[in-house]
Amino acid sequence: MNQYDLVVVGSGPAGRRGAIQAAKLGKKVLVIEQGKRVGGVSVHTGTIPSKTLRETALNLTGWRERGFYGRAYRVKQEISADDLRRRLLITLDHEVEVLEHQFSRNRVHNIRGKASFIDPQRLEIIKDDGERIEVTATSILLAVGTKPFRPDYIPFDHKSILDSDELLEITDLPRSMVVIGAGVIGIEYATIFSALDTAVTVIDPKATMLDFIDREIVEDFTYQLRDRNMKLMLGQKATKVEKLPDGKCSVTLDNGRIIHCEMVLFAAGRLGATDTLNLSAAGLEADSRGRLSVNPETFQTTVPNIYAAGDVVGFPSLASTSMEQGRIAARVAVGVIAKEPPKYFPYGIYAVPEISTCGLTEEEVKERGIPYECGIARFRETSRGHIMGLDAGLLKMIFSLKTRRLLGVHIVGEGATELVHIGQAVLNLKGTVEYFVENTFNYPTLAEAYKIAGLDAGNRMGEVNVEKIEKKAAQ
């Protein structure tokens, strides 16, 4: 009864997609989840909660309508933490229900408990009631995700000095907040609370932020944040965090400056949740950040029958890519061919405003020495932008001058994470600037920005020499 073809540790995006894929291939699959409910970090403290919080904040504040009605406009005058949590709980219940149904109809077994290795093919599971179960697996997929990095010098108190997982449990909305860490998680939460009219200060020792994003997009994003009075204190390190007698907090910087606030969010990094797995018994070793090294094509670890996928293997640490990694790992683990995924995948940052990118940045194109041209469209140039009251938003495309192919698409603004998929399709299908110039887009839509940016680039690149292309193709 305790022998399985595949045992998956963790039920987040990588774990659940891997488990269901193996089950659909007729394999006997077990999922082990130590949380109270299935879904992992993605469902309970990460992707879904943060995006639900974002949507709730934008709806209740009337953020999207302020272009017409002014910055003082609000749908609900007094917004509480309970208002935010109400929608969050409904969303999470639905997500868990869907996932449990997927496991049930695909005959995926699941057990709540903590798993640890006995050897490369055996795991011990300690259930909440103390019962110990031993399971054996032909293959094992580790999809345990990550947990917040909590350094000793930060006096976390679960109330006013928090990590990103604890933030979802707050009982009162702060009037002021310091966010330590200008990575994706820190920036997302900082901008969400800024939209709720909390005075937000972001601190990071690096002089720049979001370095993997095209610089022009980051500059536009930064301008929008500063324009609404968010303070970005980059190149400065927080050396001390204190809880003051009056209940407020103080953050001391390495230059001696002291910032007072009602709440501190520490969001400077996450660690792979591998410390309880007894990896040494399986012949595995995690790095200093708790992450596992894998073959990027098969997601196989250094132990042949053990695979790892999702955030625990590092960048890009996206729910979307984790799902695909889990699916590929499961196929390889049960001996089925797995095709290599398309080269380009989209990266979405659910800040306010959104950022999404796919392909090469302008900096990467320059480093590779590729002659190129850019096309730019601003959302305020589109009729849909006028209708929505948008005064910001930017879509940028980069094309090769030699082949005229699209090299990268980068968007900041409303709907960026949805719009990017048009560019992603053209990238992976090796499309050229002509696709955007010659095709018709629905009007009025924000997607029309692709047409505007395509025309912008096409005008600079000049007309294509059809005779030359046809002659080259004939040869």
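**Two loops, three domains and an enclosed cavity**

Ala392 sits in the loop that joins α10 (383-388) to β21 (394-400). In this predicted model, the residue is partly exposed, because its relative accessible area of 23% falls between the 20% limit for buried and the 50% limit for exposed. Once residues up to four places away in sequence are set aside, Ala392 touches Gln224 and Phe379. Met461 lies 69 residues from Ala392 along the chain, and the C-alpha atoms of the two are separated by 26 Å.

It helps to place these residues in the wider layout. The chain is divided into domain 1 (2-148 + 271-334), domain 2 (161-268) and domain 3 (353-470). Between the C-alpha centres of domain 1 and domain 3 the distance is 34 Å. Contact between this pair involves 4 residues of domain 1 and 7 residues of domain 3. For residues 346-451, an unreviewed UniProt entry gives the feature "domain: Pyridine nucleotide-disulphide oxidoreductase dimerisation". That span is 33% helix and 27% strand, and its end C-alpha atoms lie 20 Å apart.

Attention can now turn to the interior. What did a search of the whole structure find in the way of cavities of 30 Å³ or more? The search returned 1 such cavity, and the volume of the largest cavity is about 100 Å³. Its lining is formed by Leu53, Ala81, Leu84, Arg85, Leu88, Leu167, Leu168, Ile170 and Phe193. Sorted by character, these lining residues comprise 8 nonpolar and 1 charged, with no polar residue; the charged one is Arg85. Helix α5 (residues 81-105) gives the most to the lining, contributing 4 residues. Both domain 1 (2-148 + 271-334) and domain 2 (161-268) take part, each supplying at least three residues to the lining of this cavity.

Phe193, one of the lining residues of the largest cavity, also leads to a second loop position. Phe193 is among the contacts of Thr198, a list that leaves aside neighbours within four places in sequence and also includes Pro174, Arg175, Ser176 and Met177. Thr198 itself is found in the loop between α6 (184-195) and β10 (199-204). Is this threonine, Thr198, buried or exposed? Thr198 counts as buried, because its relative accessibility of 7% is under the 20% limit. The two loop residues thus make a handy pair to view together: Thr198 is buried, whereas Ala392 is partly exposed.

Conventions. Residues numbered from 1 in each chain as written. Predicted model: local features only at pLDDT ≥ 70, side-chain atom pairs only at ≥ 80, totals over all residues. Heavy atoms only, no water. 1 Å grid on protein atoms, 1.4 Å probe; cavity = no way out; pocket = protein on both sides within 12 Å on 5 of 7 lines; lining within 4 Å. Points joined across faces, edges and corners; volume = space filled by probe spheres on them. Domains from an automatic or database assignment. Buried < 20%, exposed > 50% of the residue type's maximum accessible area, 1.4 Å probe, protein only. Contact = heavy atoms within 4.5 Å. UniProt positions renumbered as here; feature names shortened; annotations may be inferred.
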